[in-house]
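This briefing looks at how the ligand is held by the protein, and then turns to aromatic and charge-ring contacts and to one loop residue. Please read it alongside the sequence and the coordinates.

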Amino acid sequence: MAQEDVFKKIVSHCKEYGFVFPSSEIYDGLAAVYDYGQMGVELKNNIKRYWWDSMTLLHENIVGIDSAIFMHPTIWKASGHVDAFNDPLIDNRDSKKRYRADVLIEDCIAKMDEKIDKEVEKARKRFGEQFDEAMFRATNPRVQEHIAKRDALHARYAKAMNDMDLDELRQIIIDNEIVCPISGTKNWTDVRQFNLMFSTEMGSTADGAMKVYLRPETAQGIFVNFLNVQKTGRMRIPFGIAQIGKAFRNEIVARQFIFRMREFEQMEMQFFVRPGEELQWFAKWKEIRLRWHKALGLGDEKYRFHDHEKLAHYANAATDIEFEMPFGFKEVEGIHSRTNFDLGNHEKYSGKKIQYFDPELKESYTPYVIETSIGVDRMFLSVMAAAYAEENLDGGETRVVLRLPAALAPVKAAVLPLVRKDGLPEKAEEIIRMLRYDYRCQYDEKDSIGKRYRRQDAIGTPYCITVDHQTLEDNTVTLRDRDSMEQTRVAIADLKSLIGEKVSFSKLLQKIAED
Ligand code: GAP
């Protein structure tokens with residue numbers, strides 16, 4: 001199946017089974033805003049728990065906070081967001097549609113890549129088994145020509161972005177004859193900078209309302225609380241502060257479902273270190289974070305680092321952890337060595353001393369910071385993308401199954417009475433009453449047992465427990481495994497530990513240390 005089709009299927013599966021709904025749907029939706037449904041919220045909460053526990057339980061020197069979304073507006077001056085948190089925008093005069101200039105160019109580069117891939121695929125068919133792709137790419141004159149064109153455009157684009165040369169970005173669009181996807185014309189305006197922060201007003205107008213921003217990242221709430229936490233928690237460097245919360249960006253090109261949203265959630269951790277030790281810690285956090293991802297078992301080959309060539313002016317190292325989505329490798333998490341830029345600037349703008357006295361070195365300094373920043377929604381999408389599978393079964397049947405990491409599954413066990421009589425429903429309820437303090441369970445008595453299994457497969461429930469007439473005689477049930485579909489007869493008394501073995505969070509956390 002084409003990857004594009006897989007992605008469409010995941011989006012509709014998310015809606016059909018209560019994971020993600022378009023926001024304000026009965027009013028025709030609100031672009032790039034989504035609601036999580038009854039299944040989605042459980043999966044999302046489990047992802048957050050996995051991250052939170054890995055930070056605050058596995059590291060004695062990391063504590064959490066929950067800062068407000070509204071903050072003093074000067075914070076966003078100090079952080080650089082008021083002046084530099086911009087996207088380059090261009091309008092098409094005929095369609096009156098607005099685009100990100102960089103995205104138009106990146107799409108053009110992607111089309112060139114597709115052209116090259118098509119040539120390769122054609123040759124693969126022609127040459128059959130002996131086909132040597134690397135050799136073909138390196139020697140075929142047509143492919144070489146396409147690659148040279150593509151690389152030249154990429155280099156020109158990268159330079160224009162690096163210099164934020166807006167005229168050059170427009171010229172690239174003109175030179176490459178990029179047309180508006182709606183009007184099909186090249187009638188473009190100049191490229192302008194557009195700030196991505198949402199703003200609103202606080203206080204009544206009579207009192208003189210103050211313009212405040214909806215935070216575009218949670219990190220600044222950590223920086224401005226650095227001294228509060230350090231002093232009240234008697235924290236010694238190195239130490240970290242973790243936070244999970246909403247962030248808002250007025251994204252112009254909002255697409256790919258929950259990958260790029262206007263309201264989203266971040267899980268960020270700022271790790272404060274001695275100046276000069278930051279690059280060691282940067283390397284360490286790269287490793288720790290990749291282990292966290294890999295412990296979920298979504299497939300080690302689906303991850304890669306993408307080191308930034310162009311660094312923000314305040315960073316001295318930065319990398320993305322990319323995950324293979326159905327639309328290619330994409331950033332899920334950023335790891336940044338942010339130097340002492342943020343704390344230093346907050347000291348400057350607030351006029352308050354923000355220094356740490358190091359008892360071992362017997363000196364005060366502005367700590368350096370390593371940041372790990374991951375989007376909950378992008379993590380959700382990667383889990384969904386890796387878990388979604390369509391399978392052909394014996395007998396010509398098919399099933400859609402979400403192979404979710406068991407600890408993250410919204411429902412851990414479904415309890416199903418074989419028939420709706422003879423005391424089986426009552427026995428099933430009894431089992432739920434026993435398990436529900438530890439695991440989220442679902443009761444289902446409607447339709448054939450096969451249909452009920454399919455429903456649970458579709459939401460990723462690791463276990464189905466079937467109660468039948470034998471259960472009444474010997475207190476055993478069948479336990480069906482989602483992935484292997486194997487059924488084993490087990491004692492009700494053993495259910496708690498058997499399920500716990502597979503779905504436990506502590507096992508998952510231990511895996512991070514083992515891998
Ligand atoms: N404090 C650093 C920071 O915010 P970022 O690379 O802009 O860095 C971090 O964002 C992470 O937040 C990204 O890796 C991504 O997972 C998530 N993210 C950013 N913008 C997003 C959006 N519009 N929709 C969904 N997730 C987003």
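In this predicted model, strand β13 contributes six residues to the shell around the ligand, which is the largest share. Strands β10 (263-273), β13 (328-339) and β16 (368-375) are each the source of at least two shell residues.

**Ligand shell and polar contacts**

- Around the ligand there are 20 residues, and those that come nearest are E217, M261, E268, E331 and V332.
- By residue class, the shell around the ligand is made up of 10 charged residues, five polar residues and five nonpolar residues.
- Two contacts involve a nitrogen atom of the ligand: a polar side-chain atom of E251 lies 2.9 Å from a ligand nitrogen, and a polar backbone atom of M261 is 2.8 Å from a ligand nitrogen.
- On the oxygen side, a backbone N or O atom of G375 is found 3.0 Å from an oxygen atom of the ligand.
- The ligand, taken alone, exposes 560 Å², and the protein buries 91% of that area.

**Aromatic pairs**

- The count of aromatic pairs in the model comes to 18.
- One of them is formed by Y50 and W292, whose rings are stacked, with 4.6 Å from centre to centre and 15° between the planes.
- This pair links distant parts of the chain, since Y50 belongs to helix α2 (residues 40-56) and W292 to helix α11 (residues 278-294), with the two residues 242 apart in sequence.
- Both Y50 and W292 are buried.
- Elsewhere, F223, F226, F239 and F272 are linked by ring pairs into a cluster.

**Charges over rings**

- R378 places its charged end over the ring of F259, at 3.7 Å from the ring centre.
- A second arrangement of this kind involves R480, whose charged end sits over the ring of Y453 at 4.4 Å from its centre.

**An exposed loop residue**

- G395 is located in the loop that runs between strands β17 (388-392) and β18 (398-402).
- Is G395 buried or exposed? G395 counts as exposed because its relative accessible area is 83%, where the cut-off for exposed is over 50%.
- The C-alpha atom of G395 is separated by 69 Å from that of A209, a residue 186 positions away along the chain.

Notes
Residues numbered from 1 in each chain as written. Predicted model: local features only at pLDDT ≥ 70, side-chain atom pairs only at ≥ 80, totals over all residues. Heavy atoms only, no water. Near = heavy atom within 4 Å. Polar contact = N/O pair within 3.5 Å; in protein donor to acceptor, adjacent residues only side chain to side chain. Areas by Shrake-Rupley, 256 points an atom, 1.4 Å probe, with all protein chains shown as cover. Helix = DSSP H or I, 4+ residues; strand = E, 2+ residues; numbered from the N terminus. Nonpolar A, V, L, I, M, F, W, Y, C, P; charged D, E, K, R; others polar. Buried < 20%, exposed > 50% of the residue type's maximum accessible area, 1.4 Å probe, protein only. Phe/Tyr/Trp six-rings, centres within 6.5 Å; stacked < 30°, edge-to-face > 60°. Lys NZ or Arg CZ within 6 Å of the ring centre and 35° of its normal.
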